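Subject: Structure for you to look at

Hello,

Here is the structure I promised to pass on. Please open it first, then read my notes below.

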Amino acid sequence: MNVNFEEKDKLLILEINEEIDHHIAEKLRRDADYEIQRRSPKRIVLDFNSVSFMDSAGIGMVIGRYKTATMIGAKMEMINVKENIKKIFEMTGVLKIIPITNNI
């Protein structure tokens with residue numbers, strides 16, 4: 001799995017560099033939760049620039065990280081979401097709780 005974590009002034013960026021399916025989602029969950037708990041950010045940004053496919057396990061991973069973020073008082077946003085992924089987020093209601101922003 002290829003994900004990069006970058007921290008700047010209580011901002012944690014999770015740059016996901018591959019498709020998110022059930023094979024990848026569990027490791028991504030563990031790694032993201034570890035970094036979120038370790039760094040205690042106030043803002044978390046999921047960068048989907050390299051994600052061209054995501055299944056239901058990916059949706060679960062995103063929702064789970066949102067719950068983790070809210071438990072520590074952090075805000076969560078998404079950036080660089082491709083149109084096909086955005087449609088999935090719209091249909092599942094994810095965009096009602098996690099916004100897509102244009103910049104960090």
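First, a definition: helices (at least four residues) and strands (at least two) are DSSP runs, numbered from the N terminus. Counted that way, the protein chain has three helices and four strands. Their order along the sequence is β-β-α-β-α-β-α. Keep in mind that this is a predicted model.

**Overall shape**

The C-alpha trace spans about 30 × 25 × 20 Å along its principal axes. Does the radius of gyration fit a compact globule, or not? The chain has 104 residues, so a compact globule would come out near 13 Å; the value here is 12 Å, which agrees. Of the 104 residues, 44% count as buried. The exposed surface of the chain is about 5700 Å², and carbon and sulfur atoms supply 47% of it. Now take the contacts with a separation of 6 or more. Residues 24 or more positions apart account for 72% of them.

**The core**

Nonpolar side chains tend to be buried together in soluble globular proteins. The largest nonpolar core here has 28 residues. Seven of them touch the most other members: Ile16, Ile20, Phe48, Met54, Val62, Met78 and Phe89. Which elements supply at least two residues each? They are β2 (11–16), α1 (22–39), β3 (43–47), α2 (56–71), β4 (75–79) and α3 (83–92). Helix α2 gives the most, with five residues.

Look at isoleucine 20 next. Leave out residues up to four places away in sequence. Isoleucine 20 then touches Ala25, Leu28, Phe48, Val51, Phe53, Met54, Asp55, Gly58 and Met61.

**The aromatic pair**

There is one aromatic pair in the structure. Phenylalanine 48 and phenylalanine 89 form it, and the arrangement is edge-to-face. The ring centres are 5.6 Å apart, with 75° between the planes. What does the pair tie together? Phenylalanine 48 lies in the loop between β3 and α2, and phenylalanine 89 lies in helix α3, so the pair links parts that are 41 residues apart in sequence. Both phenylalanine 48 and phenylalanine 89 are buried.

**Helix α3**

Stay with α3 for a moment. Ile85, Ile88 and Phe89 are buried there. These residues cover an arc of only 95° around the axis, so they sit on the same side of α3. The general rule helps here. An α-helix has 3.6 residues a turn, so residues three or four places apart point the same way. What do the buried residues of α3 pack against? They pack against α2 and β4. Just after α3 comes glycine 93, with a positive phi of about 85°.

**Arginine 29**

Arginine 29 lies in helix α1. Is arginine 29 buried or partly exposed? Its relative accessibility is 23%, so arginine 29 counts as partly exposed. Buried would need under 20%. Leaving out residues up to four places away in sequence, arginine 29 touches Ala57, Gly60, Met61 and Arg65. Take methionine 61 from that list. Arginine 29 and methionine 61 are 32 residues apart in sequence. In space, they are 6.0 Å apart, C-alpha to C-alpha.

**Two residues with a positive phi**

Most residues other than glycine have a negative phi. Two residues to check are aspartate 9 and asparagine 80.

- Aspartate 9 has a positive phi of about 45°, although it is not a glycine. Aspartate 9 is in the loop between β1 (3–8) and β2. With a relative accessible area of 78%, aspartate 9 is exposed.
- Asparagine 80 has a positive phi of about 55°, and it is not a glycine either. Asparagine 80 lies in the loop between β4 and α3. With a relative accessible area of 38%, asparagine 80 is partly exposed.

**Lysine 8**

One last residue. Lysine 8 is found in strand β1. Its relative accessible area is 43%, so lysine 8 is partly exposed. Lysine 8 and glycine 73 are 65 residues apart along the chain. Their C-alpha atoms are separated by 17 Å.

Try finding the phenylalanine 48 and phenylalanine 89 pair on screen. Then follow α3 and look for Ile85, Ile88 and Phe89 on the same side.

Best wishes

Key. Residues are numbered from 1 along each chain as its sequence is written. This is a predicted model: local features need pLDDT of at least 70, side-chain atom pairs count only at pLDDT 80 or more; totals for chains, interfaces and linings use all residues. Side-chain values use heavy atoms; hydrogens and water are left out. A nonpolar core is a set of buried Ala, Val, Leu, Ile, Met, Phe, Trp, Tyr and Cys residues joined through side-chain atoms within 4.5 Å. Buried means under 20% relative accessible area, exposed over 50%, partly exposed in between (1.4 Å probe, protein chains only). Contact means heavy atoms within 4.5 Å. Rings of Phe, Tyr and Trp (its six-membered ring) pair if their centres lie within 6.5 Å; planes under 30 degrees apart count as stacked, over 60 as edge-to-face and the rest as tilted. The arc is that of the directions from the helix axis to the C-beta atoms. The radius of gyration is taken over C-alpha atoms; the globule rule is 2.2 Å times the number of residues to the power 0.38. Accessible areas come from the Shrake-Rupley method with a 1.4 Å probe; for residues, only the protein chains shown count as cover.
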